[in-house]
Amino acid sequence: MKFFIDTANLDEIRELATTGLLDGVTTNPTLIAKAGRNMIDAIKEICEVVPGDVSAEVTATEYQSMVREGQRLAKIAKNVVIKVPLTMEGLKACKTFRHEGIKVNVTLCFSAAQALLAAKAGATYISPFVGRLDDIGHDGMALIADIVAMYRNFPQIATEVLVASVRNPGHVVQAAKMGAHVATLPPAVLKQMFQHPLTDKGLKAFLDDWAKTGQSILEAPKAARREQA
Ligand code: G3P
């Protein structure tokens, strides 16, 4: 399963890229606004830090303008993926980008029917928003199960299921069990995935016991040092 990070904050991206666990980045107009950056500059810098797919979203809502914006964004770097909303105009633009060899992430997907249309339009990624469905009392993960099952019936569908609007590590684990290809994680959720109280407790006990031995892995024991001298 691929892990993308859902932020436009360069500091967070740089920090988490050092783990070697990042396969890509997703951004959206809200995240760009939150980062307080010029979009073109931010995407350029993100693409330099993370070699994997970096999603940059168009802000136009009409086909011709979406295509012009997407072509501009795609020129920033080879790893830019154009994000379009799941609207009729967005899917028309998706088809055009795919004919031009540009990868597309179709975003704001909230139903299996929409996901089917995105696959038909040749989307590289479909982004169902699980957290926002949960927020309104629906079952976000049930949508992922539906899309994965539906796509599996048609081996010719190359569209990857990119689980978005992730709120907690549980979403990621469920998505992996269902066979979703990618999850895009807010930095806090990725950090949460490393944590377990028993890991902290166990590590503390190991270190306390180790300290009692007076040993150091990198320094030879005193007796051995005397013999060497
Ligand atoms: O980038 C799209 C998606 O992940 C947004 O998530 O938390 O704003 O619902 P959220």
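Helix H6 crosses helix H8 in a right-handed sense in this predicted model. H6 covers residues 112-120 and H8 covers residues 140-152. Their axes come within 9 Å, with a crossing angle of roughly 40 degrees. That angle lies outside the range under 35 degrees that counts as roughly parallel, and the two helices are therefore oblique to each other.

As for who touches whom, H6 puts in Ala-112, Ala-115, Leu-116 and Ala-119. From the other side, H8 brings Leu-143, Asp-146, Ile-147, Met-150 and Tyr-151. Sorted by class, the contact between H6 and H8 comes out at eight nonpolar residues and one charged residue, with no polar ones. The charged member is Asp-146 of H8.

Stepping back to the whole chain, the secondary structure adds up to 12 helices and eight strands. The overall outline isn't that of a compact globule: the radius of gyration is 22 Å, whereas a compact globule of 229 residues would sit near 17 Å. The extents of the C-alpha trace go along with this, at about 80 × 35 × 35 Å along the principal axes.

What about the interior and the wiring of the chain? Of the 229 residues, 43% are buried. Among contacts with a separation of 6 or more, 57% link residues that are 24 or more positions apart.

Terms used: Residues numbered from 1 in each chain as written. Predicted model: local features only at pLDDT ≥ 70, side-chain atom pairs only at ≥ 80, totals over all residues. Heavy atoms only, no water. Axes fitted to C-alpha atoms, helices over the stretch in contact; angles between N-to-C directions. Helix = DSSP H or I, 4+ residues; strand = E, 2+ residues; numbered from the N terminus. Parallel < 35°, antiparallel > 145°, perpendicular 65-115°, else oblique. Left-handed = near helix turned anticlockwise from the far one by under 90°. Contact = heavy atoms within 4.5 Å. Rg over C-alpha atoms; globule rule 2.2 N^0.38 Å. Buried < 20%, exposed > 50% of the residue type's maximum accessible area, 1.4 Å probe, protein only.
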